[in-house]
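User: Hi, could you walk me through this structure, one piece at a time?
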Amino acid sequence: MRRAAFAVAAGAMAVSLAACGSAKESGSGSKSSGSAKKGDAIKIGLLLPENQTARYEKFDRPLIEKKVKELTNGKGQIVYANAKQDASTQNQQVDTMITNKVNVLIVDAVDTAAIKSSVQKAKDAGIPVVAYDRLAEGPISAYTSFDNETVGKTQGEALLKALGSKAKSGKIVMMNGSITDPNAAQFKKGAHEVLDGKVNIGKQYDTKDWKPENANSNMDAAISALGKKNIVGVYSANDGMAGGIITALKAAGISVPVTGQDAELAGVQRIVAGEQYMSVYKPYAPEADAAAEMAVALAQGKSLDSIAKDKVDSPTTKQVPTVILPVTALTKDNIKDTVIKDGVYTVADICTSQYKSACDKLGLK
């Protein structure tokens, strides 16, 4: 997505989410399965997948909590739990939320297939489920995320731009995300659509649990297999893995373009320093706002028609009311116009003493 398109879409999302029709085939409908409408004193369960990626605790959780409070005149309650990358733990957390009689669940699934039976349990208990960021299986009532194939395409296009005439002079390594995350498959698909035939892919990995240390080990293996002189670039599906990859590259004396995603502070700082070429900026506030709006509406027995403008099919559920958000490529050239302008980070956050000289060169003062 171009920055102008992103700015318009994100701005519009912050004000009001566009209308669409209700889900006819989802089995869950576009209203809460509870028959009686509720007031503002609702209880929303929020289940996030892990705490290694900075975004969940720093942005997603507080933004969702803030929006729920705004929408319920301060009366809505968030009951929170983090699965710390354990699918079994998350399933147990759903059971606890059902026991606690939450009115609705927002779930970012550790494993989108493993959560299926728990989503069914929630539905059977009259609790609608909003799938957040990842398309959970089971009878979900709503879903919000970014255009994930566009994320992969954006990463691929940026890598090609960085490689220029050297695109086929050696081999690239593709460090994809976890196979338990359907978003990872979509990122990979989008990247391949751009990269296939234009680069030589030497090694490709599906990185267990998205962990930086696993990406680091995979990168070490790729360097050993391909030879450090033959690697010209690395596709990394997110910033956390990019950190592990760059550590391995530095140890081998290799400096090549590396992609990322999430605009994590450490990733932005690596971009400033010239260690990471780009990230994908996905504004968290519109996604959090969409999830909160849908959850509150479902908890109160209201229609989603004025909120969700899209529909998607999961492997188990058809025509799920959905809010899809755009993304933008983040490089050293637009840090000021994206994460700083939007208030995600301040110059002081980014430009610590270690990065002050690099920031000065970019005009970040």
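Analyst: Let us begin with one helix: in H8, the residues Asp239, Gly240, Met241, Ala242, Gly243, Gly244, Ile245, Ile246, Ala248 and Leu249 are buried, where buried means under 20% relative accessible area, exposed means over 50%, and partly exposed lies in between, using a 1.4 Å probe and protein chains only. Helices (H or I, at least four residues) and strands (E, at least two) are DSSP runs, numbered from the N terminus. This is a predicted model, in which local features need pLDDT of at least 70 and side-chain atom pairs count only at pLDDT 80 or more, while totals for chains, interfaces and linings use all residues. Residues are numbered from 1 along each chain as its sequence is written, and side-chain values use heavy atoms, with hydrogens and water left out.

User: Ok, so is H8 largely enclosed or not enclosed by the rest?
Analyst: H8 is largely enclosed by the rest of the structure, because 10 of its 13 residues are buried.

User: And what covers those buried residues of H8?
Analyst: The cover includes strand E6 (171-176), helix H7 (212-226), strand E8 (231-236), helix H9 (265-273) and strand E9 (279-281), with contact meaning heavy atoms within 4.5 Å.

User: How far apart are the end C-alpha atoms of H8?
Analyst: They are 18 Å apart, which agrees with the 18 Å that the 13 residues of H8 (residues 239-251) should span at 1.5 Å a residue; the expected span is 1.5 Å times one less than the number of residues.

User: What caps the N-terminal end of H8?
Analyst: Asn238 does, since a side-chain oxygen of Asn238 lies 3.4 Å from the backbone nitrogen of Gly240. Just after H8, Gly253 takes a positive phi of about 75°.

User: New topic: how many disulfides does the structure hold?
Analyst: The structure holds 1 disulfide, that is, a pair of cysteine sulfur atoms within 2.5 Å. The disulfide joins Cys351 to Cys359, with an S to S distance of 2.1 Å, and both of these cysteines are buried.

User: Is that disulfide of Cys351 and Cys359 left-handed or right-handed?
Analyst: The disulfide is left-handed, because the torsion about the S-S bond of Cys351 and Cys359 is about -90°.

User: Where is Asn183 found?
Analyst: Asn183 is found in helix H6 (residues 182-195), and at 2% relative accessibility Asn183 counts as buried. Not counting residues up to four places away in sequence, Asn183 touches Asp133, Arg134, Leu135, Tyr143, Ser145 and Asn148.

User: And where does Gln85 lie?
Analyst: Gln85 lies in the loop between strand E2 (77-82) and helix H3 (87-99), and at 14% relative accessibility Gln85 also counts as buried.

Note on methods. Polar contact = N/O pair within 3.5 Å; in protein donor to acceptor, adjacent residues only side chain to side chain.
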